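Student: I would like to learn how to read a structure such as this one, feature by feature. Could we go through it together?

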Amino acid sequence: MEEKWLKRWDDRYKEPDFAYGTEPNEFLKEQIDQLKAGTILFGAEGEGRNAVYASKLGWVVQAFDISKEGKNKALKLAEENKVSIDYQVGQLPDLDFENGKFDAIALIYAHFPPNIKSEYHKILDKKLKKGGTIIFEAFGKNHLKYRNENPKIGGPPDLESLFSTEELKLDFKNYEILHLEEKVVELSEGLYHNGKGSVTRFVGRKK
Ligand SMILES: C[S@@+](CC[C@H](N)C(=O)[O-])C[C@H]1O[C@@H](n2cnc3c(N)ncnc32)[C@H](O)[C@@H]1O
């Protein structure tokens, strides 16, 4: 992993404010509210706003990210909310999440570098139980136009890091698709996701 990439996230999370706020992402909330609580894994979970929300609903929560500053903030948020989460820092292939363990996996703006994002999806698929659910939202291929018009919306500057509905279909071939679309939404998430953006949303159930 590039030093610069890790430093970017650590620096962002060292700031006292929560970069994406302390409330869960709206799509995550809408979807998880419909599921029965079980075990869930959050990828690239940053400061833990989604993981803490799930824990408050009664889910047994594990999470990972490359940023130890993100972990510090997430544990602080968990403590403030009187819940606990198991949060591992490192590269996914080196972490010890059990295969076939999880009832759900949530990827919310999990913009892994483009050269590994598909490989990470394949590893994550192995962690999910049959019948388990993936909940995904991240910036889509049409997002650059919105980012250029309004830098406050955030998101990666390069097309390769953005997600098409087609690539999700390919990465998660063995899933019943419950929801798949790229659409324009208005975000209001902390300091870095504000305004109109184009997001790709996917919910799938593993066959
Ligand atoms: C836009 S933030 C989203 C944070 C969180 N999911 C949320 O919605 O608030 C993207 C996250 O991806 C993490 N990240 C980037 N590359 C990663 C990698 N290779 N493995 C794990 N996490 C990564 C960053 O550290 C950052 O926390």
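Tutor: What follows is a walk through some helices, the core, the strands, a few loop residues and the ligand shell, and the model is a predicted one.

Student: Let us begin with burial, then. Which residues of helix α5 are buried?

Tutor: Burial is judged here by counting neighbours, and a residue counts as buried if 20 or more other C-beta atoms lie within 10 Å of its own. In helix α5, residues 117-127, the buried residues are H121, L124 and K127. They cover an arc of only 105° around the axis, which puts them on the same side of α5.

Student: Which exposed residues does the face of α5 turned away from its buried side carry, and what covers the buried residues?

Tutor: The face turned away from the buried side carries the exposed residues K122 and K126, whereas the cover over the buried residues includes β1 (39-43), β4 (102-108), β5 (128-139) and α7 (165-171). K117 also lies in helix α5, and K117 is classed as partly exposed because 18 other C-beta atoms lie within 10 Å. As for distance, K117 and F139 are 22 residues apart along the chain, and their C-alpha atoms are separated by 13 Å.

Student: How many of the residues of α3 are buried?

Tutor: Helix α3 is mostly covered, with seven of its eight residues buried, namely R49, N50, A51, V52, Y53, A54 and S55. The elements covering these buried residues include α2, β1, β2, α4 and β4. Just after α3 comes G58, which takes a positive phi of about 105°.

Student: Which residues have the most contacts inside the largest nonpolar core?

Tutor: A core of this kind is a set of buried nonpolar residues joined through their C-beta atoms. The largest one has 42 residues, and those with the most contacts inside it are I40, I105, A106 and I134. The elements that give two or more residues to this core are α2 (26-32), β1, α3 (49-56), β2 (60-65), α4 (68-80), β4, β5 and β7 (193-206). To take one of the well-connected residues, A106 touches L28, I40, F42, N50 and I135, if residues up to four places away in sequence are left out.

Student: Now to the strands. In which sense, parallel or antiparallel, do β1 and β2 pair, and in which sense do β5 and β7 pair?

Tutor: One general idea helps when looking along any strand: in a regular strand the side chains alternate between the two faces of the sheet. In this model, β1 and β2 pair in the parallel sense over four bridges, and L41 stands opposite Q62 in β2. Strand β2 is itself mostly covered, since five of its six residues are buried. By contrast, β5 and β7 pair in the antiparallel sense over seven bridges, and here I135 stands opposite V203 in β7.

Student: Over how many bridges do β6 and β7 pair, and how many residues lie between them in the hairpin?

Tutor: Strand β6, residues 175-189, pairs with β7 in the antiparallel sense over 14 bridges, and the bridge partner of Y175 in β7 is K206. The two strands form a hairpin with three residues between them, and G190 in the turn has a positive phi of about 60°.

Student: Where does the chain take a positive phi in residues other than glycine: what are the settings of A44 and K82?

Tutor: A44, which is not a glycine, has a positive phi of about 50° and lies in the loop between β1 and α3. A44 is buried, with 21 other C-beta atoms within 10 Å. K82 has a positive phi near 60° and is found in the loop between α4 and β3 (86-89), but K82 is exposed, with 8 other C-beta atoms within 10 Å.

Student: Finally, which residues come nearest to the ligand, and how is the shell around it made up by class?

Tutor: Of the 18 residues around the ligand, W9, Y20, A44, G46 and Y109 come nearest, so that A44 appears once more, now as one of the ligand's neighbours. By class, the shell has nine nonpolar, six polar and three charged residues.

Conventions: Residues numbered from 1 in each chain as written. Predicted model: local features only at pLDDT ≥ 70, side-chain atom pairs only at ≥ 80, totals over all residues. Buried ≥ 20, exposed ≤ 12 C-beta atoms within 10 Å, placed from the backbone. Arc of directions from axis to C-beta. Contact = placed C-beta atoms within 7 Å. Core = buried A, V, L, I, M, F, W, Y, C linked by C-beta atoms within 7 Å. Pairing = 2+ DSSP bridges. Near = placed C-beta within 6 Å. Nonpolar A, V, L, I, M, F, W, Y, C, P; charged D, E, K, R; others polar.
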